[in-house]
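Let's walk through this one together, starting with a bit of vocabulary and then moving from the cysteines out to the whole chain. Have the viewer open as you read.

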Amino acid sequence: MASPSRRLQTKPVITCFKSVLLIYTFIFWYAMFLTLIFLVELVAAIVGFVFRHEIKNSFKNNYEKTIKQYNSTGDYRSDAVDKIQNTLHCCGVTDYRDWKDTNYYLEKGFPKSCCKLENCSPQRDADKVNNEGCFIKVMTIIESEMGVVAGISFGVACFQLIGIFLAYCLSRAITNNQYEIV
């Protein structure tokens, strides 16, 4: 049996060896996690590109439904319609006539968010409301900003790939050198 002093001398070496193995494991799993996130982002981008027309149709259908169910009592969907119409200076889905098929129009007329001017109460006066529909304006904004989104996404993906590559290189270097005498 080894003397107590000999055992005390080898303990730091074993502890160091265990910590190297632990670091290797964490680095390997970090690289795997980055790879998984990258693959999820890639799949989301491909699905978004392939189904972009369905996304447009879904947005249009939901916007039409929201206008039909519009009320001025503070429903979050109605607030979203008001916000879009105020911000983009538009009215309805395709044009202001979309409101004429709603219960809100029959009761109160056009909503105030359709007004061309700040403080107006348009009721049923089509001259006081914006003529353009909101769907085309929203799609124009989304399509115009798509290049910026794609550029940022590409930049993030590049950094992720660099991180994955370096993590794999580091874990491989630790694995190849773990039995070397220090």
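A residue is called buried when its relative accessible area is under 20%, exposed when that figure is over 50%, and partly exposed in between. Keep in mind that what you're looking at is a predicted model.

With that cut-off in hand, take C91. Its relative accessibility is 0%, so C91 counts as buried. Now look at C114: here too the relative accessible area is 0%, and C114 is buried. These two cysteines are partners, joined by a disulfide with an S to S distance of 2.1 Å. The torsion about their S-S bond is 85°, a right-handed link. In sequence terms, C91 sits in the loop between helix 3 and helix 4, while C114 belongs to the loop between helix 4 and helix 5; the bond links distant parts of the chain, 23 residues apart.

How many disulfides does a search of the whole structure find? The count is two, and the other bond joins C90 to C134, with 2.0 Å from S to S. The torsion about the S-S bond of C90 and C134 is about 100°, so this disulfide is right-handed. C90 is in the loop between helix 3 (76–88) and helix 4 (103–108), whereas C134 is in helix 5 (residues 134–177), so the pair ties together parts that are 44 residues apart in sequence. As for solvent, both C90 and C134 are buried.

Two more cysteines are worth a click. C158 has a relative accessibility of 30%, so it counts as partly exposed, lying between the 20% and 50% cut-offs. C169, at 36%, is partly exposed as well.

Now zoom out to the fold. What does the secondary structure of the protein chain come to? There are five helices and zero strands, which reads along the sequence as α-α-α-α-α.

How do the residues sit with respect to solvent across the chain? Of the 182 residues, 26% are buried. The accessible surface comes to about 13,100 Å², and carbon and sulfur atoms account for 66% of that area.

Finally, consider the contacts in the protein chain whose partners have a separation of 6 or more: 58% of them are between residues 24 or more positions apart. Set beside that cut-off, the C90 to C134 disulfide spans 44 residues, and the one from C91 to C114 spans 23.

Definitions and conventions
Residues are numbered from 1 along each chain as its sequence is written. This is a predicted model: local features need pLDDT of at least 70, side-chain atom pairs count only at pLDDT 80 or more; totals for chains, interfaces and linings use all residues. Side-chain values use heavy atoms; hydrogens and water are left out. Helices (H or I, at least four residues) and strands (E, at least two) are DSSP runs, numbered from the N terminus. Buried means under 20% relative accessible area, exposed over 50%, partly exposed in between (1.4 Å probe, protein chains only). Contact means heavy atoms within 4.5 Å. Accessible areas come from the Shrake-Rupley method with a 1.4 Å probe; for residues, only the protein chains shown count as cover. A disulfide is a pair of cysteine sulfur atoms within 2.5 Å.
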